[in-house]
Amino acid sequence: MPTLMRIGNHLLKNRLIVAPMAGVTDRPFRQLCKKLGAGMAVSEMVTSNSLLYGSAKTARRANHEGEVDPISVQIAGADPAMMAEAARHNVDRGAQIIDINMGCPAKKICNVMAGSALLQDEILVARILDAVVKAVPEVPVTLKIRTGWDREHRNALSILNIAENAGVQALAMHGRTRACAYTGDAEYDTIRAVKAAARIPVIANGDITTPEKAQFVLAYTGADAVMIGRAAQGRPWIFREIEHFLNTGTHLPQPEVSEIHAVLLEHIHDLHAFYGDVAGVRVARKHISWYTRGLVGSSAFRHTMNRLDSVSDQLNVVNEYFALAARADNRLRYENNDENNNTQDLPVASRLAA
Ligand SMILES: Cc1cc2nc3c(=O)[nH]c(=O)nc-3n(C[C@H](O)[C@H](O)[C@H](O)COP(=O)(O)O)c2cc1C
C-alpha cells in the first residue's frame with residue numbers, strides 16, 4: 001500500500017485531504033483542517049466566468065493570504081477557453097494546484113453543463129482538460145469526478161484515460177453517480193477498478209466518517225489518499241484522529257473541551273475577520289451548530305445561538321456553553337455516548353450550498 005501522496009512536485013504530509021465544499025471550505029476552514037491534521041484542502045469551487053472575478057464572493061475565494069501549502073483551488077465551468085483563463089487567473093493569485101470540478105451534482109452547476117454533467121460529454125472533457133493543463137504548465141492540474149452520469153453510464157475508467165492523456169496529475173473520485181446525488185451508500189468498487197488501471201494518484205471519496213472507514217477504503221480501493229467532506233464539518237480534528245489510527249491502530253481520546261473551545265473561538269474570529277461582522281456571524285452560526293451537533297445539552301444552545309445577530313452575543317453564548325460543558329466533563333461528551341460520534345447521519349444533500 002503506498003504511504004506517500006504526491007501531487008506533481010507537492011509531497012503531502014499524509015494521505016488525508018479535505019473535500020471541496022461550497023459554502024464550507026473557505027480559507028478559515030481549510031487553514032484549520034490543515035492545522036489539525038489534513039495533508040491538503042481543496043477550495044470551494046470558483047467560477048470560471050470572468051465577469052464575476054470582481055464580485056466580492058469570487059475575490060474572497062481567490063484570497064489565500066497566510067494559507068499553508070499546497071494551495072489547491074477548484075474551478076468550475078464548461079467552456080474550455082474560460083476554464084483555461086480561470087486556471088491562469090487563480091495561479092496568478094497564488095493557486096499551486098488547480099482542481100477541476102466534474103463531480104458536483106448541484107442543479108445550478110449541472111444546468112449549465114458543468115460539474116458532474118460534463119461526464120456525459122467525453123469530447124468536451126478532453127477539450128477542457130487539455131486547455132487547462134496547457135494554460136498552467138507550471139502547476140499540477142487535478143480532476144474531481146463521480147463514478148459516472150448514472151448507474152448505466154459509469155464511465156470513470158474512460159475519464160481516467162482522458163485525464164492521463166491530457167496530463168492531469170491526480171484524480172479524486174466520489175463513489176456515487178450524478179444520478180445518485182447523495183442517496184444510498186458510496187460504492188468503492190469503481191474506485192478500486194480505476195485505481196488498478198491508473199498511472200496517476202487516485203483519491204477515494206464518499207461517506208468516510210471514521211478512522212476505521214478511512215483505513216478500510218484505503219485498503220479496499222488501493223487509493224493513494226482519502227478525501228473527507230461532510231464528516232469534517234464541525235470536526236476539523238477528524239484528520240488527526242484518522243492519522244493517529246492509521247499509524248497506531250488505536251483511537252485518540254475525545255478532545256478536551258478547553259481545546260475545542262479554543263479551536264472554535266479562533267475559527268469564529270477568523271470567520272468574522274474574513275467575511276466582516278454581519279456575514280461572518282451568519283457563516284459562523286452554521287459551523288458552531290456543526291461543532292456542537294450531538295454534544296450533551298447542545299440543542300437548546302443552538303436554538304438560542306441561531307437567533308443572535310451580533311459578534312459579541314455570538315461569542316458570549318459560545319463561551320457560556322463551553323464553560324458549562326467543561327464543568328460537566330473535561331472531554332467532549334456526546335448524547336449517544338458513542339466514543340467517536342462519527343456514526344451520526346451525514347448532513348443531507350439539502351445542505352449542499354452550491
Ligand atoms: C455542502 C457541500 C458542498 C459541496 N461543494 C462541492 C464543490 O464545490 N465542488 C465539488 O467538487 N464537490 C462539492 N461537494 C461534494 C464533496 O466534495 C464530496 O465529494 C461529497 O460530499 C462526498 O464526500 P463526503 O461523503 O466525505 O461528504 C460538496 C458537498 C457538500 C456536502
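Domain bounds here come from an automatic or database domain assignment, and the model shown in every view is a predicted one.

**Figure 1. Two domains share this predicted model.** Domain 1 covers residues 6-248, and domain 2 covers residues 257-328. Taken over C-alpha atoms, the centres of domain 1 and domain 2 are 29 Å apart. Where the domains touch, six residues of domain 1 contact eight residues of domain 2. On the domain 1 side, these residues split evenly by class into two nonpolar, two polar and two charged.

**Figure 2. Helix 8 crosses helix 9.** Here we look at helix 8 (residues 211-221) against helix 9 (residues 238-248), packed at an angle of about 60° with 9 Å between their axes. Because of that angle, helix 8 counts as oblique to helix 9. The crossing is right-handed. Helix 8 brings Pro-211, Ala-214 and Gln-215 to the contact, and helix 9 brings Glu-241, Ile-242, Phe-245 and Leu-246. Sorted by class, the contact residues are five nonpolar, one polar and one charged.

**Figure 3. Helix 10 packs against helix 13.** Next comes helix 10 (residues 257-275) with helix 13 (residues 311-328), their axes 10 Å apart and at an angle of about 170°. The two helices are therefore roughly antiparallel, since angles over 145 degrees count as such. From helix 10, the contact takes in Val-257, Ser-258, His-261, Leu-264, Leu-265, Ile-268 and His-272. Their partners in helix 13 are Val-311, Gln-314, Leu-315, Val-318, Phe-322, Ala-325 and Ala-326. Ten of the contact residues are nonpolar and four are polar, with no charged residues.

**Figure 4. A shell of residues surrounds the ligand.** If you are setting the scene around the ligand, there are 27 residues to look at. The closest are Ala-19, Met-21, Met-45, Gly-229 and Arg-230. By class, the shell comprises 14 nonpolar, eight polar and five charged residues.

**Figure 5. A cis peptide bond joins Asp-69 and Pro-70.** Most residues other than glycine have a negative phi, and most peptide bonds are trans. The bond in this view is cis, with omega about -10°. Pro-70 sits in the loop between helix 2 (56-61) and strand 5 (71-76).

**Figure 6. Asp-207 has a positive phi.** Although Asp-207 is not a glycine, its phi is about 65°. Asp-207 belongs to the loop that runs between strand 9 (202-205) and helix 8.

Note on methods:
Residues numbered from 1 in each chain as written. Predicted model: local features only at pLDDT ≥ 70, side-chain atom pairs only at ≥ 80, totals over all residues. Contact = placed C-beta atoms within 7 Å. Nonpolar A, V, L, I, M, F, W, Y, C, P; charged D, E, K, R; others polar. Axes fitted to C-alpha atoms, helices over the stretch in contact; angles between N-to-C directions. Helix = DSSP H or I, 4+ residues; strand = E, 2+ residues; numbered from the N terminus. Parallel < 35°, antiparallel > 145°, perpendicular 65-115°, else oblique. Left-handed = near helix turned anticlockwise from the far one by under 90°. Near = placed C-beta within 6 Å.
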